[in-house]
Each structure stands twice: as structure tokens, then as C-alpha cells.
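Please look through the sequence and the model below, beginning with the overall fold and then turning to how its parts meet.

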Amino acid sequence: MFALLAQEPTVVVLCGSTRFMEEMAQANAQETAAGRIVLAPGCDLKTPHSLWADPAAVEALKPMLDALHRAKIRMADEVLVVGDYVGDSTRSEIQYARQLGKTIRYTHPEIEETAE
């Protein structure tokens, strides 16, 4: 059912609002099962956690996470935009990926127009 890899796998980075973390987990499983290496957001600041319980911690963490995600975009061969909504942050990531010449795919292709 699953073939061994004959070449280096494609690296795909998941982009999208953290409100779609469940969808990102599903996309991660699908992409991995398709033989791709998946990079994804590692922190969901919308879900309570001791690392960002303090509002000051969030203010310090957010720019670092944004820079880390841009590094993931640079490392990736492709971007997969997850979810049926594109906000300012995701739109900025898409524009950055385009500047780098990355292939961009969407779990909901109908939102591609709103991502411009």
C-alpha cells in the first residue's frame, strides 16, 4: 500500500490560522502519508498553556514564532494553506512564500482569491 521513497521527499509547510489546528493535524497526517515531510506551527497561542499564560509572555513569544514560521517557509519546497479563511498573518506568509518562489496549495482552493 505504501511505497518506499525513491528520492528525497518534498518538504511542505502548513500555514493558516491556529483556529484550524485540528485541520492542520489532519493535513499533517495526509501529507505525511503521501510521503512528504511536514513543518507546522508548533504553538497555538489561542489554547491555554503555561508558556503563554502571562500576556507579557505572549507579546515576547509572538514575534519569535512569526520569525520561526518564516524560517520554516524558507526550508520548505511548498506551502499548504489550511482552512477556509485567510487573515492578515496568513496572507503575509503567502506573499512571503510567493516572493521565494514556493509552490502554494490550498485545502480550500476557493479561498485562493482572498489570499492575494
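The paragraphs that follow go from the whole chain to a helix contact and then to the aromatic rings.

This is a predicted model, and the protein in it has 3 helices and 4 strands, which alternate from the N terminus on in the order β-α-β-α-β-α-β. The radius of gyration is 15 Å, close to the 13 Å that the globule rule gives for 116 residues, so the protein is as compact as a globular protein of that length. Along its principal axes, the C-alpha trace spans about 45 × 30 × 25 Å.

Two packed helices are described by the angle between their axes and the distance between the axes. Helix α2, covering residues 55–75, packs against helix α3, covering residues 88–99, at an angle of about 35° and with the axes 10 Å apart, and the crossing of α2 and α3 is right-handed. On the α2 side the contact is made by H69, R70, I73 and R74, and on the α3 side by S92, E93, Y96 and A97; these residues divide into 3 nonpolar, 2 polar and 3 charged.

Within this contact, which includes both R70 and Y96, R70 lies over the face of the Y96 ring, at 4.6 Å from the ring centre. A further arginine, R19, has its charged end over the ring of Y85, 4.3 Å from the centre of that ring. As for rings paired with one another, a search of the whole structure finds 0 aromatic pairs.

Conventions:
Residues numbered from 1 in each chain as written. Predicted model: local features only at pLDDT ≥ 70, side-chain atom pairs only at ≥ 80, totals over all residues. Heavy atoms only, no water. Phe/Tyr/Trp six-rings, centres within 6.5 Å; stacked < 30°, edge-to-face > 60°. Lys NZ or Arg CZ within 6 Å of the ring centre and 35° of its normal. Axes fitted to C-alpha atoms, helices over the stretch in contact; angles between N-to-C directions. Helix = DSSP H or I, 4+ residues; strand = E, 2+ residues; numbered from the N terminus. Left-handed = near helix turned anticlockwise from the far one by under 90°. Contact = heavy atoms within 4.5 Å. Nonpolar A, V, L, I, M, F, W, Y, C, P; charged D, E, K, R; others polar. Rg over C-alpha atoms; globule rule 2.2 N^0.38 Å.
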